[in-house]
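Trainee: Could we go through the contact surfaces together? I would like to see how each label follows from its rule.

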Amino acid sequence: YPKSPTVLHVFAVMGKAEGSVAREEWHGHVTALSVAPEFRRLGLAAKLMELLEEISEKKGGFFVDLFVRVSNQVAVNMYKQLGYSVYRTVLEYYSASNGEPDEDAY
Amino acid sequence: DYLDNGNNKMAIQQADKLLKKHKDLHCAKVLKAIGLQRTGKQDEAYTLAQEVAALEPTDDNSLQALTILYREMHRPELVTKLYEAAVKKVPNSEEYHSHLFMAYARVGEYKKMQQAGMALYKIVPKNPYYFWSVMSLIMQSISAQDENLSKTMFLPLAERMVEKMVKEDKIEAEAEVELYYMILERLEKYREALDVVRGKLGEKLTSELQSRENKCMAMYKKLRRWPECNALSDDWQFYITYFDSVFQLIDECWTPPLEEEHSLEGEVHYSIEQAVKFVEERITEESKSSRPLRGPYLAKLELIRRLRHRGCNDEHKLGDPEELMFQYFKKFGDKPCCFTDLKVFVDLLPSSQYTKFIGQLLGVIPLSAAAEGETALPEDIRALQQHLCVVQLSRLLGLYHAMEKKEKLSVVRELMLRYRHGLEFGKSCLKTELQFSDYYCLLAVHLLLDLWLEEGEETAVWQCLTLLEEGLSHSPSNAQFKLLLIRIYCRLGAFEPVAELYSSLDAKHIQHDTIGYLLTRYAEALGHFAAASQSCNFALRFFHSNQKDTSEYIIQAYKYGAFEKIPEFIAFRNRLNSSLHFAQVRTERMLLDLLLEANITTSLEESIKSMSLSPEEDDIPWKDLRDNRDLTVLFNWDPKDRDISEEHRKLSLEEETLWLRIRSLTLRLVSGLPTLSHSIQPKNSEKTAENGVSSKIDTVRSLLQQLEAAVDSGKKFLEQKIQYPVLGPPPTRMAGFFSNGSCQCQTSLFYLVSDIYELDTSGLEDSAEVQERIGNSFKSLIERLTGVFNKCKGDLIEVRDGTLKTHANLLENLVFLVETISITLWVSSYCDSVLRPFKSNLQKKKKKKKESSVAMPPVFTHFLDYVTDLQTLTSNVIDHIKGLEIILTALKLEDLSLKDTLLLQEEKKFTKTVQGKVQSSYHHSIQEIGELLKKRLDTIKKLKI
């Protein structure tokens, strides 16, 4: 909604298609999803996911996958609400910079 | 393997072993060369690589290894040569041809790319190759200086190439359609483009949502086909276009054609009545949807705004904006975005209604007080959001600005109470999440900032820092807290805490360009030289890698057929290359390196050589300088008349450019100094002229003139006495440079250079006039430097009435003084290099003639006196700095009783912390400045001839 003269950074979703068609692995992948704090609680993330799924569908993707930090409960719950389920837990997927142990991902 | 692990030495050894067995194993040689390159032996690596390249290898391993090596050497053009040779030897290799294409793409050889693409297509008739060639044509047209050439040759050719494929029904991929669209758009063949998008080919456009619709819309707009614009649908962007088109149609008195049935896209609205009805319908529709949508309501306000703008008063049909905004607040007030939504429309309210409006909003928020007379507080997050929205609107409407000092202070207290209360709701927040009530704290700080800057309330600034540090402790990821802390610490002259705050912001990539200025403006100016170097490095590393990275993105775009992104990548690279910040950090970094090293660890001449600086060269794109700074990175809720305006941006860019010009000319003048010295001594004046040194002095003199002109423009600019908003662009160092006298010192130094050069060429005899002039310059220089020194005197921190007052300008002046002394010393060593041979010549003569009749010319005495004075002055400055250090260390902040008993215990703790940080930062500045000056003092001693 860039309606004021100062364009606001509101949201972004990045995705790509990956995998092989032959093995029915061709799918959409959510690389990153973010909504600016100002514009949360509006259902924008769900909307963005919907858009990505639509594209994935058009491109003949079999499913959509993503990674999320185990600690990011808000996001995990959102994805679950959207009908996603935890396929597997990837240990130490997220590297930590401050010496803390690397974090797991779903 | 060794190379991959970073063990370059082992890699070289292994390669050597292999080479002993197989003397001509190309690949081993190249791997060895990579090892050499990575261990800093660039020259050896290059020779070895060229040895292999000369043999024109055709094995894949060698080619790939060489490609890696050349890339690391930043010589991508050599890769093209490599594959040109390989392709000649193996003309049917698809792989080598495609490597060659990519190599051309890296260096932007569009014409050759076009040919390489076609060559590929002939070997293997795959569509992508054909379209690589087409894209290369488009790139030729973009980069062509002559627009005519691009419109009459490159683009039509590209168009015909695509048409051929269309006719043969060979179009396969979405990217190819995109490309066709790009060509037609650039040829301004909008109608044709529209046909493509709407036609069968358009069906391939699926990667982006609404790709077809958006492209159609763009074309309708270009064609000014408002009826179609009007009928296509989209979200907010739709409303905007919808209104645009309705009003266009009204202005054109458009009526629907009778026979033809509507437009290509359906029903068309062409009157205000229809628009009003349409918006009302959207709202009715919205009320049925499961999730409340903001669009229709905002569209109504937008329509009113537009109608008012046109002088129509038909808004009664839509309702009173004040009431509508009230209703909107009731519906969406608990959303964090409510404030920004309404911000756009507050102009619709008459200022007489502001207080009433705010009161009305407050009235509907469920707040409850614990007891009579206490502040009524929200019971849940939703109520808190609503209240916060009202507070933000109050600030926007200027209600706080109009308050008396006492009232403001009580608002600050209330906001802080609300802030601390609101933390209750965020107890389960992760440390990466923000606290719900953070904005209360930020707004309180903004009020205190007003008190500090507008009413001169010194305690207020400490309170600002106190509250922000408190806020940050509860909400460690809040970037706004950090940014504001950075800004205030810098204004107080304390850079030390800033470095850590900035690094915790974790600025990445493009942010080094957009917010890097927060650091680079202050680090060096405040005497934190090491940190300044580092800040410049962050930015420079990014800018340099941009060049390389962009070529990689372009290559990827070709590979995946993302053709429309290619011109974007190139525009992005160009924008970064002409960045104001880039030019600034380049210049300041070199000045800083010279300041810290030249004639201390390495000679000025060597330093300049290693930077490949030359006085003739100016690498700053003055005409195209782009201001990429994000000047609104700090939030504010100020009314329009106090906010950062377009005018401020323009003025700030102008000021930055003027200052950059002065700095860059100073740098070039300094870099001219070694070019004036004799390389072979002694020699007579004719010879020097022949050797081209005379043109060097011309360069220096012309730069000096340019510097004078730049200084004049700078002074004129400052006469306007521009005050930027405190959260807007920081002012440059220019004002201080002029007012403390460093500017005069520096320019007169370069005049001195010119005089000394004259003495050098005319010799000691018959140069009494120049000698006298030089003598006078020496004297006035010492006087001027003493003047600058006087501007550095005084205490950095003063305790007054139980509160601290800081004098950060003294630090800035000290840094300028040190810089000016350094330049003085570089000029002095040039003097020395001129005078020394004269003196030894004279002494030789004396010895020969064995008589004392050869008198010492006055210039020697002048110089000796001057050097002695300079030494004394520098020692005095060092003593002064020592004095400052002692006072700073002695200042016991713990003993400072904080008078304001209203401060909470916790606040007092934070106040002590921030004051301690400022004190420690000053200490750090003083130490770095002192250290540097001591090193400079040592070099003065060498000047005694």
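Mentor: Happily! Buried area is the accessible area, taken with a 1.4 Å probe, that two parts lose on being put together, summed over both. Keep in mind that this is a predicted model.

Trainee: What area is buried between domain 1 of chain A and domain 2 of chain A?

Mentor: About 660 Å², with carbon and sulfur atoms giving 71% of that area. Since the definition sums over both parts, the value covers domain 1 and domain 2 of chain A together.

Trainee: Which elements make up the domain 1 side?

Mentor: In chain A, β2 (27–35), α1 (44–58) and β3 (63–66) each supply at least two residues to the side of domain 1 that touches domain 2. The most come from α1(A), with four residues. By class, this side has six nonpolar, one polar and one charged residues.

Trainee: How many salt bridges are there between chain B and chain A?

Mentor: Zero. The rule asks for a side-chain nitrogen of Lys or Arg within 4 Å of a carboxyl oxygen of Asp or Glu, so a count of zero says that no pair across this interface meets it.

Trainee: Which classes of residue does chain B bring to that interface?

Mentor: The side of chain B that touches chain A has nine nonpolar, four polar and eight charged residues. Asp, Glu, Lys and Arg count as charged, but the salt-bridge count across the interface is still zero.

Trainee: And how many residue pairs are in polar contact there?

Mentor: Four, between chain B and chain A.

Definitions and conventions. Residues numbered from 1 in each chain as written. Chains lettered and ligands numbered in written order. Predicted model: local features only at pLDDT ≥ 70, side-chain atom pairs only at ≥ 80, totals over all residues. Heavy atoms only, no water. Polar contact = N/O pair within 3.5 Å; in protein donor to acceptor, adjacent residues only side chain to side chain.
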